[in-house]
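Colleague: I should like to go through the reasoning behind several labels applied to this structure. Please show it first, and then I shall put my questions.

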Amino acid sequence: MVSSSGQNTLMLWFDEIGKEDVALVGGKSASLGEMTSRTKVPVPYGFALTAEAYRLFLRKNGLDKKIGEALKPLKDPNDTATLQKVGAGIRRMISSAPMPKDLEKVIVDAYQDLAAREKVKNPFVAIRSSATAEDLPDASFAGQQETYLNISGASNVVEKVRECFASLFTDRAIFY
């Protein structure tokens, strides 16, 4: 994945992204980047993992194929029992998969850089999804994935990122 600045990356700081980076970091993160770098709106500083970071997590754990297989029994999203079973299984797969060491390092380093910038040992942060197809012209995915507030400590941030990845497969998100 290449950012608008032409770099390959798993993470970008808000002031490195803008509205042209929706495909890279999703709508929420692109909007935060836009506000951070191009307006005087006071936005807490932060960073976004890229879609490539998510794909790397899936690839390194062999989950891309496993998720595809797990979704096959779901022929009708109105079949609530199957929907719940499939969603729970996929969330378990993702939640139990180890964070790839290279991605974990990116997250921990960025969190520590944020702490140094803010001059706080373990800053409280929000971990939330910013899916690249979140807000389409004919559909809005707002509120479909989980948001985690007041997360402090690098290991907690890594864990909540994994849980945020898993929340892409809540029953309501799959149904939607």
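Colleague: What makes Arg172 count as partly exposed?

Modeller: I should say at the outset that this is a predicted model. Arg172 has a relative accessible area of 41%. Buried requires under 20% and exposed over 50%, so Arg172, at 41%, is partly exposed.

Colleague: How do you know that Arg172 and Glu146 form a salt bridge?

Modeller: The N to O distance between their side chains is 3.4 Å. The criterion is a nitrogen of Lys or Arg within 4 Å of a carboxyl oxygen of Asp or Glu, so the pair qualifies as a salt bridge. Glu146 is itself partly exposed, at 29% relative accessibility.

Colleague: Why is the pair of Glu146 and Arg172 said to tie parts together?

Modeller: Glu146 belongs to the loop between strand E5 (139-140) and strand E6 (147-151), whereas Arg172 is in helix H8 (residues 171-175). The parts joined are therefore 26 residues apart in sequence.

Colleague: What separates Glu34 and Arg38 along helix H2?

Modeller: They are four residues apart in helix H2 (residues 27-38), which means a separation of about one helical turn. Their closest N and O atoms are 2.6 Å apart, within the 4 Å limit, so this too is a salt bridge. Glu34 and Arg38 also join Glu20 in a network of salt bridges.

Colleague: Why is Glu34 called buried, and why is Arg38 called partly exposed?

Modeller: Glu34 has 17% relative accessibility, which is under the 20% cut-off, so Glu34 counts as buried. Arg38 has a relative accessible area of 48%, between 20% and 50%, and is therefore partly exposed.

Colleague: How many salt bridges does the whole structure contain?

Modeller: The search finds 13. One of them joins the side chains of Glu69 and Lys72, at 2.8 Å from N to O.

Colleague: Why is helix H6 described as oblique to helix H7?

Modeller: The axes of H6 (residues 101-118) and H7 (residues 154-166) cross at roughly 125 degrees and come within 9 Å. Roughly perpendicular covers 65 to 115 degrees and roughly antiparallel begins over 145; 125 degrees falls in neither range, so H6 is oblique to H7. The crossing is right-handed.

Colleague: Which residues make the contact between H6 and H7?

Modeller: H6 contributes Leu103, Glu104, Ile107, Val108 and Tyr111, and H7 contributes Ala154, Val157, Val158, Val161 and Phe165. Nine of these contact residues are nonpolar, none is polar and one is charged.

Note on methods
Residues numbered from 1 in each chain as written. Predicted model: local features only at pLDDT ≥ 70, side-chain atom pairs only at ≥ 80, totals over all residues. Heavy atoms only, no water. Axes fitted to C-alpha atoms, helices over the stretch in contact; angles between N-to-C directions. Helix = DSSP H or I, 4+ residues; strand = E, 2+ residues; numbered from the N terminus. Parallel < 35°, antiparallel > 145°, perpendicular 65-115°, else oblique. Left-handed = near helix turned anticlockwise from the far one by under 90°. Contact = heavy atoms within 4.5 Å. Nonpolar A, V, L, I, M, F, W, Y, C, P; charged D, E, K, R; others polar. Buried < 20%, exposed > 50% of the residue type's maximum accessible area, 1.4 Å probe, protein only.
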